[in-house]
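User: Hi! I've got a structure to go through with you. Could you take a look with me?

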Amino acid sequence: MKIYYTKIYLLILIVSFQFFKANAQSVQNVEGEDNFIKQANTAWAEGEYDKAIILYENILDEKPDQYMLYENLIKAYAYLGMFETAEERAGELYGQYPDDAMFIGGEKCRLGLIYTMQNRNDEAVRAVEEMIEVQDPAMVFPGAPTCAFMFQTKAGEYEKASANIEKLLKVENAGPWRYQFLLYAAYVHEKLGDSEKSQQYLSELRQGLEMMQSSGALQSVIKDQGAKTFTFFADYYAFIGEDEKAIASLQQHLNAGGRQYYWIKNVSPFSSELKENPEYLDILSKMKEDIDRMRNNVEAHKF
């Protein structure tokens with residue numbers, strides 16, 4: 001009997017060991033996947049879009065249901081000017097869920113960006129209108145209005161953009177995004193001929209930025225948001241006619257690893273006054289050199 005119980009005990013130990021070993025390996029695999037995702041997201045945030053694309057594609061090749069990676073991957077392709085690939089991947093990834101409004105809306109939002117970056121503004125507006133049709137109207141931020149207003153503004157659809165921005169300005173938890181909403185509100189109302197309302201929004205924006213500066217909150221936002229913070233300041237200063245500060249902000253964007261060349265050049269409506277400025281053109285030229293290099297790296301990679 002002792003031998004019998006000993007055998008059972010040993011069997012339990014072996015099974016337990018195999019169970020814990022399997023679970024440990026599973027945990028290691030999850031940790032490994034998380035590590036790759038962190039690497040990809042860090043590369044993306046630092047403007048290393050070629051590295052981000054390669055990492056994202058490798059992850060999605062193994063697990064295509066990692067839908068939280070779709071947006072960054074497609075944007076990375078678009079930021080490198082690989083618009084055809086960006087559009088194809090949007091269809092392939094989001095198209096896995098043809099009956100899900102969230103994924104349909106996600107694809108249309110990405111297409112709005114891809115088209116606007118190419119100055120295909122009419123197509124961008126159609127895409128975001130299709131997005132608005134399927135999205136939950138209660139979802140504002142994040143939601144269809146958050147995606148639509150920038151592309152509508154660039155297309156000159158100021159009434160539609162204004163209606164979406166007004167919804168967003170009512171959101172209580174928008175955080176630093178509120179300053180972006182206020183800037184666009186000031187811009188579209190100026191375009192609509194309502195200079196008084198434009199100035200009201202601009203005054204609120206200016207006061208808010210001054211408060212953030214004095215409290216130290218602005219530095220926290222810059223630390224958290226990185227290079228893209230400086231594109232906002234470039235837009236803000238360009239809009240109020242302080243060209244030197246706008247150029248300095250673009251230089252800070254470049255120095256911080258920002259490479260949003262096509263966004264700055266074709267999506268932002270604020271930089272039109274700078275397009276003849278030699279310093280502005282020089283900064284964009286440097287961005288384009290880096291983008292072309294990264295694009296070549298991606299095109300040389302075999303997925």
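User: How far apart in helix 15 are Arg-293 and Asp-290?

Analyst: Happy to help; keep in mind that this is a predicted model. Arg-293 and Asp-290 are three residues apart in helix 15, so about one helical turn separates them. The two form a salt bridge, with 3.9 Å between the closest N and O atoms.

User: And which residue does Asp-292 form a salt bridge with?

Analyst: That would be Lys-288, with the closest N and O atoms 2.9 Å apart. Asp-292 is partly exposed at 30% relative accessibility, and Lys-288 is partly exposed too, at 24%.

User: How many salt bridges does the structure hold?

Analyst: There are 15. One of them joins Glu-129 to Lys-160, at 2.4 Å between the closest N and O atoms. Glu-129 sits in helix 6 and Lys-160 in helix 8, so this pair ties together parts 31 residues apart in sequence. There's also a salt-bridge network linking Glu-57, Arg-89 and Glu-92.

User: Switching to the core: how many residues are in the largest nonpolar one?

Analyst: It has 93, and Leu-80 and Phe-151 are among those with the most contacts inside it. Helix 9 gives the largest share, nine residues.

User: What does Leu-80 contact away from its sequence neighbours?

Analyst: Its partners include Tyr-49, Ile-53, Tyr-262 and Met-294.

User: Last one: what lines the second largest pocket?

Analyst: 16 residues do, with Leu-209, Gln-213, Phe-233, Tyr-236 and Tyr-237 nearest its centre. The lining divides into nine nonpolar, three polar and four charged residues, and the pocket's volume is about 300 Å³.

Terms used:
Residues numbered from 1 in each chain as written. Predicted model: local features only at pLDDT ≥ 70, side-chain atom pairs only at ≥ 80, totals over all residues. Heavy atoms only, no water. Core = buried A, V, L, I, M, F, W, Y, C linked by side-chain atoms within 4.5 Å. Buried < 20%, exposed > 50% of the residue type's maximum accessible area, 1.4 Å probe, protein only. Helix = DSSP H or I, 4+ residues; strand = E, 2+ residues; numbered from the N terminus. Contact = heavy atoms within 4.5 Å. 1 Å grid on protein atoms, 1.4 Å probe; cavity = no way out; pocket = protein on both sides within 12 Å on 5 of 7 lines; lining within 4 Å. Points joined across faces, edges and corners; volume = space filled by probe spheres on them. Nonpolar A, V, L, I, M, F, W, Y, C, P; charged D, E, K, R; others polar. Salt bridge = Lys/Arg side-chain N within 4 Å of Asp/Glu carboxyl O. Lists of a residue's contacts leave out its neighbours within four places in sequence.
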